[in-house]
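The following exercises concern the fold and internal packing of a single chain. Each task is followed by a worked solution.

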Amino acid sequence: MYTDEKKKSCAQAKRRFTRIGNNLQKSIDDDVILKTIESRYNIFKDAWKEVQRKHDEYMEDITEQSDDEEEWINILNTTFCDIEERTDAYIEKKIKENERERKYEGEQKHAEELKIHREQEGVKLKEQIEEIQKLIHQAIDNKSDICEALKKEDKQLADRIASCERIHLKYVTLIKDHQEKEEEKTWILPLINLYSKISSAIQIFISCNSKDVTRNNDTTNMKNNLKLERLRFNTFDGDL
């Protein structure tokens, strides 16, 4: 009677193991989330341990062991190994997919931050150029000696355009779409053009106002020879 109860217990454990295994495989077929698969996988492994324990208890209790009993547990062992290999492969695949997704999301977020930063730097560059432009024209009108101030401004301007270029390059590198990447590459060109013009104007101004030239000649040369075209900018409406 005791052996019959253990045999029945073995059969129940086997049916439970089979149901759990089928549910796990269906979850893989349905491509459910990784957390659910891992949870059901742990339940499946616990069910297999229970089958082995029940089987061992039953085998210890019977006096004559048959090949059928060993074949029964070997079939279940093969089933377990097959599902185990499939589940391990699925989990590994999902982990890699999740890592790629997190990396992509991180890159997209970083790209958006860089784009905003790039636009802000571009606006600051244009504003700085406008201020330098005013200084140059004010110096011509008022005969003021502002060469040292302009040298500092020129250095700051060079740092600003270099910062813009670095941020721009990082942003473009993160763009995946080829056409969008090619279009975005040209964003920096107008700023470089503006920088080149104002930097050249600064150098001309400093050269014409050097110490070996009289202040009167400086003013005459600037008024007669320096044709600094006012740089035009689109009105910045604050929308980055």
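The accessible surface of the chain comes to about 16,000 Å², and 46% of that surface belongs to carbon and sulfur atoms (Shrake-Rupley method, 1.4 Å probe). The model is predicted: local features need pLDDT of at least 70, side-chain atom pairs count only at pLDDT 80 or more, and totals for chains, interfaces and linings use all residues. Residues are numbered from 1 along each chain as its sequence is written, and side-chain values use heavy atoms, with hydrogens and water left out.

**Exercise 1.** Determine how many helices and strands the chain has.

*Solution.* There are 7 helices and 0 strands, assigned as DSSP runs (helices: H or I, at least four residues; strands: E, at least two) and numbered from the N terminus.

**Exercise 2.** Describe how helix 4 and helix 6 pack.

*Solution.* Step one: the axes of helix 4 (residues 147-174) and helix 6 (residues 189-208) are 10 Å apart, at an angle of about 160°; axes are lines fitted to C-alpha atoms over the stretch in contact, and angles run from 0 to 180 degrees between N-to-C directions. Step two: the two helices are therefore roughly antiparallel (over 145 degrees). Step three: the residues of their contact (heavy atoms within 4.5 Å) comprise 13 nonpolar, 2 polar and 3 charged (nonpolar: Ala, Val, Leu, Ile, Met, Phe, Trp, Tyr, Cys and Pro; charged: Asp, Glu, Lys and Arg; polar: the others, Gly among them).

**Exercise 3.** Establish whether I91 is buried or exposed, and which residues I91 touches.

*Solution.* I91 belongs to helix 3 (residues 67-142). Its relative accessibility is 12%, so I91 counts as buried (under 20%; exposed is over 50%, with partly exposed in between; protein chains only). Leaving aside residues up to four places away in sequence, I91 touches L34, I37, E38 and Y41. The C-alpha atoms of I91 and E38 are separated by 7.6 Å, although these residues are 53 apart along the chain.

Key
Parallel < 35°, antiparallel > 145°, perpendicular 65-115°, else oblique. Buried < 20%, exposed > 50% of the residue type's maximum accessible area, 1.4 Å probe, protein only.
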